[in-house]
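Here are some short exercises to work through at your own pace. Keep the sequence and the model open beside you.

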Amino acid sequence: MSNALRLRATSCAAALPGVTQPAYDRDRITVGVVHLGPGAFHRAHQAFYFDQLLAKDPRWAICAVSLKSPGVRDALEPQDGLYTLAQLDEETTFRIIGSIVEVLVAPEDPPAVFARLAAPMTRMVTLTVTEKGYCLSSEGGLDESHPDIVHDLAHPREPISAIGYLVEGLRRRFLVGLPPYAVVACDNLADNGWRLKAAVTAFASKIDPELAAWIEAEGRFPRTMVDSITPATDDALRDRVLTATGLSDAWPIQREAFTQWVIEDVLGPDAPDLAGVGVTLTDDVRGFERAKLRLLNGVHSTLAYTGILRGHETVFEAVSDPVLAKLAHDLMVEDITPTLTAPRGLDLQAYGEAILKRFRNPEIRHLLAQIAWDGSQKLPFRILGTLREALEAGRPIERLAVPLAAWMRFVRLRVSTGEKIVDPLADTLVSVAAACTGVAKTDVSAFLALGSVFPAALATNPIFVSAVEKAYAELGES
Ligand code: CS2
């Protein structure tokens with residue numbers, strides 16, 4: 001099949017019947033959104049919503065900007081930005097997404113990125129740069145000692161970080177009297193938009209206090225909740241897409257059929273009609289976002305570390321293990337749900353059950369190793385918030401300590417088997433793990449000394465320390 005036609009603008013219409021095509025003329029749409037970080041999740045999620053929106057309003061095509069590597073551009077440019085989205089379900093469907101019309105690689109061409117950010121037609125910047133891309137400290141504010149931030153503060157016109165690009169784009173608009181773009185954070189961080197606004201404003205205040213005041217007053221940074229399980233692309237998916245569409249695609253994307261996007265309703269009157277394509281706009285985003293982050297992502301990370309320690313490869317395998325199924329269920333019902341306030345219309349018990357059902361979807365092969373990435377960045381948002389609140393309320397924290405201890409054991413396991421750790425703190429983690437001896441007290445204390453992961457008040461709390469030590473010791477025996 002290697003001589004199959006490649007997906008691109010001129011071949012798209014030749015896709016097999018049943019494949020959903022862009023429902024608009026791609027020659028007549030214009031860029032209204034700049035997206036930073038067009039990884040798989042963006043292409044599975046926001047680009048899908050804009051693909052639907054473009055059928056009603058041609059002003060919202062996407063210019064995707066990779067902040068580091070050229071991989072996405074190299075795959076999508078020969079395809080005119082087109083790619084196939086497989087929505088995995090009992091009956092998987094295939095859809096060609098046309099909303100990305102341009103892919104820029106920021107380090108190769110910063111002026112092109114600035115031109116897009118400063119264009120009057122650009123009204124929104126969305127971003128999926130993962131937790132680490134926000135350059136926050138463990139206290140939640142801008143980490144001014146982060147090497148990328150140090151660089152960008154010294155060279156604000158030649159940024160390398162997402163924060164630096166956002167500020168430089170806003171500065172250019174401020175100078176010519178254009179309104180700011182709305183900035184829509186789409187990563188799994190509690191209060192994502194608010195944190196981003198605080199970080200952007202803190203950065204701007206270091207280079208131009210007037211600019212900072214303008215961003216503070218005029219900037220719209222809604223908080224959001226994003227949700228759709230998106231396993232990484234593999235060759236099996238490429239083959240499947242070729243068979244289903246008749247066109248070869250260098251980088252198709254797969255996700256579960258379920259998808260949800262909740263945005264704080266502060267975008268203003270000139271915003272795109274996202275509600276018309278299934279996005280929930282609400283003034284009560286916090287409830288949704290906390291519930292998803294703690295119940296779905298918190299339990300995902302728990303399953304990832306405990307599952308890998310028990311020899312499993314996928315989420316499906318992990319939740320099919322009775323010991324882990326019980327752990328996931330008990331964590332949700334006993335430990336996490338009591339910390340949540342249900343937003344209007346959400347039944348937390350049903351929501352939790354639906355999440356476990358999604359984890360048990362046999363159509364989805366979601367590797368635990370993928371979720372295990374970047375643990376130092378994810379665990380603070382996914383577990384530590386719940387844990388701190390449980391401690392404050394005097395509730396037990398034994399089970400909540402398990403994912404933390406399992407992460408420590410996982411890091412040790414990876415280091416002892418010589419496997420790579422994907423984490424911005426990888427070098428530090430490797431040296432911490434190499435010095436571990438298996439004695440819970442000393443091993444745990446070495447991990448808890450990681451100040452960018454564990455705030456000092458928590459790391460020195462005796463109830464917390466002994467819960468993690470106990471879980472760590474128990475995991476060593478199993
Ligand atoms: C996962 C998330 O990889 C991970 O860390 O927990 O990507 C998860 O699949 C999504 O947030 C679901 O919306």
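Helices (H or I, at least four residues) and strands (E, at least two) are DSSP runs, numbered from the N terminus. This is a predicted model, in which local features need pLDDT of at least 70, side-chain atom pairs count only at pLDDT 80 or more, and totals for chains, interfaces and linings use all residues. Residues are numbered from 1 along each chain as its sequence is written, and side-chain values use heavy atoms, with hydrogens and water left out.

**Exercise 1.** Find which helices each supply at least two residues of the shell around the ligand.

*Solution.* Start with the residues that have a heavy atom within 4 Å of the ligand. Among them are Lys292, Leu296, Asn297, His300, Lys378 and Arg382. Next, turn to the helices: α10 (285–309) and α15 (375–392) each give at least two shell residues. The largest share, 4 residues, belongs to α10.

**Exercise 2.** Work out where the ligand lies with respect to domain 1 and domain 2.

*Solution.* Take the bounds, which come from an automatic or database domain assignment: domain 1 is 5–283 and domain 2 is 286–477. Both contribute to the shell, so the ligand lies between them.

**Exercise 3.** List polar contacts (N or O atoms within 3.5 Å) of the ligand.

*Solution.* First, a polar side-chain atom of lysine 292 is 2.7 Å from a ligand oxygen. Then take serine 228, where a polar backbone atom sits 2.9 Å from an oxygen of the ligand. Finally, a side-chain N or O atom of histidine 300 lies 2.7 Å from a ligand oxygen.

How values were computed: A polar contact is a pair of N or O atoms within 3.5 Å; within protein, one must be able to donate a hydrogen and the other to accept it, and residues adjacent in sequence count only if both atoms are side-chain atoms.
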